[in-house]
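Visitor: I would like a close look at a single part of this model, the surroundings of the ligand. Could you walk me through that part and how it sits in the fold?

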Amino acid sequence: REWERRLRKSATPKSLSGHTVLVTGAAGFVGFHVSRTLRQRGDRVVGLDNFNDYYDPGLKRDRQNILSRSGVFVMEGDINDQALLKKLFDVVPFTHVMHLAAQAGVRYAMQNPYSYVHNNIAGFTKLLEACKSANPQPAIIWASSSSVYGLNSKVPFSEKDRTDRPASLYAATKKAAEEIARAYNHIYGLSITGLRFITVYGPYGRPDMAYFFFTKDILNGNQITIYEGPDHSSVARDFTYIDDIVEGCLGVLDTSKKSTGSGGKKTVSAQLRTFNLGNTSPVPVTKLVRILEKLLKVKANKKVLPLPMNGDVKFTHANIKA
Ligand code: NAD
């Protein structure tokens, strides 16, 4: 098969670091940047993405083309395809899996709940099954989300805070995936690190995120909706620049220990970690809009509404102390 030939070829370049990394969601926003940086520093990288149409697949193809030019083959495929995953792990001896494929977005979960369960829970489990059976067993680094802090959150969020009141189905699937990861670590000795990303922004960013569609709507003269908390307090987000997220992902990859394949034996416990990846400096959304107005030199046509109970939390704010 053509993809198998390309896969073997793409995995051929020598890895300077000794790492061979499978990046799922490589045509996505974060996956694109992580794959490119890994390749630039000399890791072997193979990407996997299903190019779904949650947002413009043309943007994903653009990212794929850029990656292809820098030596990263992004194959089209789904993490729910178990036969494909098996083949992939049979052909390439991955040392690490950077799992960034998911159904993202909080509000979309109201219309498409099953997409979250299918991709973020079932798909994640299938990927862990494939890692469990692979030889060598790769270490896994994957994207959870700050949304797991949900309605319990006192700010800044610390990794030790409660995560038992998700405010959206998206958050619930990330929380469920964290528990599934814990089980695979404990039972099968997989080395797993979950990263709770916080509102990532930057070039080639996601068109469904506020900074992107606010810019578009302000430029097109369309009305934008700003949500506010009780007593007209501003909603705030701990916007985190993509380069900082990439640095965090690579740092975590470099400190990942090998999976132990311990098969539940207590004597060989595998690594299990959870980290916030955030900026620890929340910006009120009203300020974001003022900044955009200034940069675009256009006054926004604003509508202000109370924050609906549809999944958005009032604040995101990471505690990033060790
Ligand atoms: P993204 O939607 O741009 O990237 C995800 C990619 O995964 C997409 O290209 C999509 O086509 C692919 N994908 C989805 N389901 C798949 C499947 N079943 N098989 C193969 N590919 C599939 O999102 P992103 O912003 O790059 O997010 C990456 C990860 O980080 C996700 O897990 C997301 O939940 C998490 N996260 C992101 C943010 C953020 O602000 N961007 C914040 C918190 C958590």
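Guide: Happy to; what follows goes from the ligand outwards to the sheet. A word on the ground rules: this is a predicted model, where local features need pLDDT of at least 70, side-chain atom pairs count only at pLDDT 80 or more, and totals for chains, interfaces and linings use all residues. Residues are numbered from 1 along each chain as its sequence is written, and side-chain values use heavy atoms, with hydrogens and water left out.

The ligand is surrounded by 29 residues, counting a residue if one of its heavy atoms lies within 4 Å of the molecule. The closest are Asp49, Tyr55, Asn119, Tyr170 and Val200. Sorted by class, this shell holds 14 nonpolar, 10 polar and 5 charged residues; here Ala, Val, Leu, Ile, Met, Phe, Trp, Tyr, Cys and Pro count as nonpolar, Asp, Glu, Lys and Arg as charged, and the others, Gly among them, as polar.

Now for the N and O pairs. Tyrosine 170 has a side-chain N or O atom 2.6 Å from an oxygen atom of the ligand. For valine 30, a backbone N or O atom lies 2.8 Å from a ligand oxygen, and for lysine 60 a side-chain N or O atom is 2.9 Å from one. The protein buries 98% of the 820 Å² that the ligand exposes when taken alone, with areas from the Shrake-Rupley method and a 1.4 Å probe.

Which elements supply the shell? Helix 2 (29-40), strand 5 (139-145) and helix 6 (169-188) each give at least two residues, and strand 5 gives the largest share, 3 residues. Helices (H or I, at least four residues) and strands (E, at least two) are DSSP runs, numbered from the N terminus. Helix 6 also contains threonine 173, which is buried at a relative accessible area of 1%, buried meaning under 20%. From its C-alpha atom to that of histidine 186, 13 residues apart along the chain, the separation is 20 Å.

Strand 5 leads us to the sheet, an open one of 7 parallel strands in the order 3-2-1-4-5-6-11; two strands pair if DSSP finds at least two bridges between them. Strand 3 (73-76) and strand 11 (272-277) are at the edges with a single partner strand each, so one side of each has no neighbour in the sheet. Strand 3 pairs with strand 2 (residues 44-49) in the parallel sense over 4 bridges, and there valine 46 stands opposite phenylalanine 73.

Methods:
Polar contact = N/O pair within 3.5 Å; in protein donor to acceptor, adjacent residues only side chain to side chain. Buried < 20%, exposed > 50% of the residue type's maximum accessible area, 1.4 Å probe, protein only.
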